[in-house]
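User: I am new to this structure and would like to understand the reasoning behind the terms used for the ligand site. Could you take me through them one by one?

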Amino acid sequence: MQALLNIAVRAARRAGEVIVRSLNRLESLQVSSKGRNDFVTEIDHAAEREIISVIRRAYPNHAFLAEESGASGDSDTVWIIDPLDGTTNFLHGFPVFAVSIACQHRGRLEHAVVYDPMRQELFTASRGAGAQLDNRRIRVSRQRDLEGALIATGFPYRANARYADAYLAMLKTVMLASAGVRRAGSAALDLAYVAAGRVDGFWEIGLSPWDTAAGTLLIQEAGGRIGTLTGGEYRQNGNIIAGNPKVYAALVKALAPHVPEDLREP
Ligand code: IPD
Ligand code: CA
Ligand code: CA
């Protein structure tokens, strides 16, 4: 395994330990609000510190873009980190959350880890070397259309709540056209599940780079596609459609009439 990926895996597992260890004291955790419906706990911070310290020890000169501590350092190599994706689930003891770590070199995603500490499932990818779940190769599903497909999504419930009506029109379309829609509460895991073929597609409005960076590489390396809401090249801007190539194309087509004007690319 690549040295960089190795370090990312070690960091993700350490963060997972921090998260799992705290589950028996959820009631006493310090929680603060970053904005409407946006909570952060001392565990988000502790997990992030752990990840950064593991990586820094190995690569003192690399830069970081981490959800809780922001951007730091100046380097061609940037680690993009969500220490706890699914904080709302975590706070309620709803066991769907993950650690997401991506390594980017000169703007190109090179390595990715999404780790689910409850199931101890490790999703990894390196550019050109495929995607794995627990060291076994994974591929996107072979589902050919929305009919019969299982689709994951995330609701707009923070600043992106202004898109609620457009989103509900999208949801109605996909709900009626597919076999089911799931809102599990961790975008990083949703994307990992697309890569593993557990869901056939995914869409969400208003994500951040740390939610999607690792998932993007996982999906690409698993033979899937990931793009903007109108099917353009995805540059971590947070408005996202993903899927196996067929379901991706079907979602782009189905959602097109409902994409808000300001989220359409020229
Ligand atoms: C959130 C989760 C959720 C998505 C939100 C994200 P957080 O991340 O990924 O599924 O709907 O948009 O912000 O805040 O728990 O790290
Ligand atoms: Ca997140
Ligand atoms: Ca987070």
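User: What makes up the shell around ligand 1, by class?

Analyst: In this predicted model, the shell around ligand 1 holds seven charged residues, together with four polar and four nonpolar ones. Gly is counted among the polar residues by this scheme, whereas Asp, Glu, Lys and Arg are counted as charged. The shell has 15 residues, and Asp85, Gly86, Arg158, Arg183 and Glu204 are the closest.

User: Why is the approach of Gly86 to ligand 1 called a polar contact?

Analyst: A polar contact needs a pair of N or O atoms within 3.5 Å. A backbone N or O atom of Gly86 lies 2.7 Å from an oxygen atom of ligand 1, and therefore the pair qualifies. The side chain of Glu67 also qualifies, because one of its N or O atoms is 3.4 Å from an oxygen atom of the ligand. With these contacts in view, the protein covers 95% of the 380 Å² of accessible area that ligand 1 has on its own.

User: How do you know that ligand 1 sits in a pocket, and which one is it?

Analyst: A molecule sits in a pocket if more than half of its atoms lie within 2 Å of the pocket's grid points, and ligand 1 is assigned on that basis to the largest pocket.

User: Which parts of the protein contribute to the shell?

Analyst: Strand β5 (residues 77-85) gives the largest share, three residues, while domain 1 (2-138) and domain 2 (150-260) each supply at least three residues.

Key: Residues numbered from 1 in each chain as written. Chains lettered and ligands numbered in written order. Predicted model: local features only at pLDDT ≥ 70, side-chain atom pairs only at ≥ 80, totals over all residues. Heavy atoms only, no water. Near = heavy atom within 4 Å. Polar contact = N/O pair within 3.5 Å; in protein donor to acceptor, adjacent residues only side chain to side chain. Areas by Shrake-Rupley, 256 points an atom, 1.4 Å probe, with all protein chains shown as cover. 1 Å grid on protein atoms, 1.4 Å probe; cavity = no way out; pocket = protein on both sides within 12 Å on 5 of 7 lines; lining within 4 Å. Helix = DSSP H or I, 4+ residues; strand = E, 2+ residues; numbered from the N terminus. Domains from an automatic or database assignment.
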